[in-house]
Amino acid sequence: MQGCNWGQLLTSGSSSNSRTHWTPALNRLNATGKSSADYVAVFDPATEKIQRLQIQGFKYNRGLSVHGIEIVQSKQHPSQLLMYLINHRHPMPPADPYEVGADSTVEVFNTSPGEKDMHFVATYKDPIISTPNDIVAGPDDMTFYFTNDHGSVKSGLVSLVNTLRISIDRTFT
């Protein structure tokens, strides 16, 4: 969960059942059991209410499988929040996730306090975004940093062993 200056917390969610099937960081690569309903929600501690944000403008049929999340106030539009989400999509058929791993991307959305929607901004896909685990926004609205927790190996025994080593951080601008 991450807080924002408006007294609310934002978090991502999924079904616990789907995580037993699809968690690429743990080499769980059964794409048929993957959730198609991951979400971002706002928790208001004053009312103890949770509101799922509705996704607007995101047209990818492989949906969201959210792993890491960073939420910051926009530098260019201070009344908005930018959300950087690590999305572990399943690979495009006929690719086998047990052989090639997840097709991971960084998705960027924006929203505003009190809004019930999150609006798609951009998808960042690059071979260097191989096994992203954590993400941090940069000094402007167009930069982010991330870690690859398994290096460039996305599946198999070497991927599990790589969990113990630190990977290269990269910047995208």
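The following paragraphs lead from the overall make-up of this protein chain to one of its sheets and then to its nonpolar cores. The model is predicted, and its protein chain holds 3 helices and 14 strands. Of the 173 residues in the chain, 44% are buried, while the accessible surface comes to about 9100 Å², with 54% of that surface belonging to carbon and sulfur atoms. Among the contacts with a separation of 6 or more, 54% are between residues 24 or more positions apart.

Strands of a sheet pair through backbone hydrogen bonds, either parallel or antiparallel. Here, an open sheet of 5 strands follows the order S7-S11-S10-S9-S8, and its pairing is mixed. Strand S7 (54-56) and strand S8 (66-73) form the edges, each of them pairing on one side only, and neighbouring strands of the sheet are turned by 30 degrees against each other on average, direction ignored. Within the sheet, strand S9 (residues 81-89) runs antiparallel to strand S10 (residues 103-111), and 9 bridges join the two; His 88, for example, has Ser 104 in S10 as its bridge partner.

In soluble globular proteins, nonpolar side chains tend to be buried together. The largest nonpolar core of this model has 14 residues, and those with the most contacts inside it are Leu 10, Val 40, Met 83, Leu 85 and Met 118. Strand S5 (39-44), S8 and S9 each give two or more residues to this core. Leaving aside its neighbours within four places in sequence, Met 83 is in contact with residues including Leu 10, Val 40, Leu 53, Ile 71, Phe 109 and Met 118. A second, separate core has 13 residues, among them Val 72, Val 108, Ile 129 and Ile 135.

Note on methods: Residues numbered from 1 in each chain as written. Predicted model: local features only at pLDDT ≥ 70, side-chain atom pairs only at ≥ 80, totals over all residues. Heavy atoms only, no water. Pairing = 2+ DSSP bridges. Helix = DSSP H or I, 4+ residues; strand = E, 2+ residues; numbered from the N terminus. Axes fitted to C-alpha atoms, helices over the stretch in contact; angles between N-to-C directions. Core = buried A, V, L, I, M, F, W, Y, C linked by side-chain atoms within 4.5 Å. Buried < 20%, exposed > 50% of the residue type's maximum accessible area, 1.4 Å probe, protein only. Contact = heavy atoms within 4.5 Å. Areas by Shrake-Rupley, 256 points an atom, 1.4 Å probe, with all protein chains shown as cover.
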